[in-house]
Every structure is written in C-alpha cells, then in structure tokens.
Amino acid sequence: MAAPLELYCWKGDWGLPSVDTDCLTVLAYAKFAGAPLKVHKITNPWRSPTGTLPALKTTEESTRSLSKPSNIIIHLRKQKYNADYDLSAKEGADTLAFVSLLEEKLLPALIYTQWVDSKNYVDVTRRWYAENIPFPLNFLLPNRIHNQQLERLRLVRGDPTLEPGEQLEKELYHDALECMTLLSQRLGSHKFFFGDSPSSLDAYVFGHLAPLLKVKLPNGKLQQHLNSLDNLRHYCTNILILYFPSEGGETPIRKVSVHSDSSDFDSEPHKRRKQILSVLFAMGSMLGYAILMGIVSIQHIRPQAALVGPRHIEEGGEEEEEE
C-alpha cells in the first residue's frame, strides 16, 4: 500500500481551489492522476512541513516533505500516480518544451501583474493575503511574500538588479501574450492538450491560466487577451467544472478520487486553543526578531533609583540595555 500523502496549500477564492499558481498546478495534477491526497487548505505557510506552500508531507525518510511542484509531481509518479502514462515520447518532449515556455514567458508576467503592478498589488493581492492570513502574521507575511515574488522574478529573468518599470512591464506582457497565443494554437479544438485525457502539461497550463481568468484585477491587460482566446477560456472553465465542482459553484458532473480537507485541519476539537497558541508563538517570534534587530529596546531602571523616587530618577537618568 502506498504511503499516505498530505498536501498543504493556499486556500481558494474567486471560484478557484487555491489562489496560488504552484498550488493549483499540484492540485490539478493530483486530480488528473487520481492521487488520494488529504488536502489541507491553509493561510499560514509556517504551518506547513516546509514553511512554504505548496508542501507535500510523506512518511518516507528520504522525502519527508517536498515543496516545488515539479518535485511533488515526480514523487506522485513514483507512487504510481502518473497522468503522463499514455503519452508518447514526442508528447513527453512537447510537455517539457511547453512547461519551459510557461515558466520563461508566462510566469514572469503573472508575478508582475499580481505582485509588482502597484494597483493590482494594493487593491487585490495584498488585500486578500492581509485579510486571510491570521493576526498578527497578516502584518508581516504579505510584504515578505511580495519580496520573495520579486526575487523570484529576478531569478527567472536572470537579472539580480531588475527593477520594475514601464519597459520591463512591456517586455513581460509581450512575452506572455505571445505564450498564450501559442498555447491556444496548440490546444486547438481539443479537450486537453493531448486528446481526451489530461496530463501534467494540462496541470501546469491550468495552474498558470486559472488565476488570470478568475481573479478580477484593476489592470487586466493579460486577462483581456486570455478572454479573447475562447478555447483557452473554455478549457480552464471545463477543468474547474469537471475536477473542482465545489469551488467553481457548479453542479458536480462526476466523482473524483482526491478529497479536500478545506477546513484547514482547524476543525479539530481544540481549534480555539491552537489558534491562541499560534498567535502567541507568532507574537513571540516577531518580538524576538525586533529586539534582535534593534527595532525594540528594553529599558532597565536600577533598583536603588526606583527606591529613592522620581526626583532621583530624573537626576541620575535611566540605564538602557539592548538585548
């Protein structure tokens, strides 16, 4: 019997099973391959086994937890959950080529439009994370994730000094529109990219396009182009209806093997106690970090000064210690 697997991912919204591209990719592949995952949809990445999302938890010592979508998919294949089993060698090569195209041409534009574009970031992205991440982490994590995404954009573009601007936006959006057009041409009138059954390529394409289709952004240049490509728009909608009917608000068409614990495993009997402990731990961590960095200092008054009275304190001063 295969080892039990648990997947931790960002929770969904806007009719999506998750708001995160990487999480959507893994969730879609698990559905396509029939992997019996227990899914924890959470809003605090520090509660995952890796401290990031998505994260796959296993009982195997060599791979106790995995975070990258590609590594998670490889592990699921080793567990005999392979959505690419029937692909030919050429189709396998096409999969690698199109996944590389997505990561090089479309992903940078998605990061930019969600996390760098000031209007979209302030009005939608940051607002959602600030409202859904538990207090007090909602004051810390959105900015931290923003910086991580900007660093990811620099890494993908191969430019550590990359700075946002009109020229960068123009280049990213040009590449993204070109990529979506190529995907539309490759899909044609087919249900999935390689016929009637979904593969890992479909998981990657869905993970990248679904947020663009469903999240309403003030600056929606990429959304406008995607909506103009009817086959890609229907493609994403059909996957939501077939494999994620509860999130899409549609009538279920058929049962699928993956079940979702969308209550974020906080539905256990001691929910309130765990929430309080999480908040206390987070506050303690933030205070310790602030003290360590010198943001907060601790003032210490000598006992003899305290006994003499306020007048002596004013004359002798206070002794300040910084830990």
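**Exercise 1. State how many helices and strands the protein has, and how much of it is buried.**

Step 1. The protein has 13 helices and seven strands. Helices (H or I, at least four residues) and strands (E, at least two) are DSSP runs, numbered from the N terminus.

Step 2. Of its 323 residues, 45% count as buried. Buried means under 20% relative accessible area, exposed over 50%, and partly exposed in between (1.4 Å probe, protein chains only).

Step 3. Note the basis of these values. This is a predicted model, in which local features need pLDDT of at least 70, side-chain atom pairs count only at pLDDT 80 or more, and totals for chains, interfaces and linings use all residues. Residues are numbered from 1 along each chain as its sequence is written, and side-chain values use heavy atoms, with hydrogens and water left out.

**Exercise 2. Describe the largest cavity and its lining.**

Step 1. Rolling a probe the size of a water molecule over the atoms shows where empty space is left. On a 1 Å grid over the protein atoms alone, a cavity is a set of points where a 1.4 Å probe fits but cannot get out. Grid points are joined across faces, edges and corners, and a volume is the space filled by probe spheres set on the points.

Step 2. The search of the whole structure gives one cavity of 30 Å³ or more. The volume of the largest cavity is about 220 Å³.

Step 3. Its lining (residues with an atom within 4 Å of a point) has 17 residues, and Val19, Asp20, Gln114, Trp115 and Tyr129 lie nearest the centre.

Step 4. At least two lining residues come from each of α1 (21-33), α3 (89-116), α4 (118-132) and α5 (141-157). The most come from α3, with five.

**Exercise 3. Find where the cis peptide bonds at Pro54 and Pro136 lie.**

Step 1. Most residues other than glycine have a negative phi, and most peptide bonds are trans.

Step 2. Leu53 and Pro54 are joined by a cis bond with omega about 5°. Pro54 sits in the loop between β2 (38-42) and β3 (55-57).

Step 3. Phe135 to Pro136 is also a cis bond, with omega near 5°. Pro136 belongs to the loop between α4 and α5.

**Exercise 4. Place Trp14 and Lys80, and say how exposed each is.**

Step 1. Trp14, not a glycine, has a positive phi of about 60°. Trp14 is in the loop between β1 (6-10) and α1. With a relative accessible area of 29%, Trp14 is partly exposed.

Step 2. Lys80 has a positive phi near 75°. Its loop runs between α2 (69-78) and α3. Lys80 counts as exposed, at 73% relative accessibility.

Technical notes:
1 Å grid on protein atoms, 1.4 Å probe; cavity = no way out; pocket = protein on both sides within 12 Å on 5 of 7 lines; lining within 4 Å.
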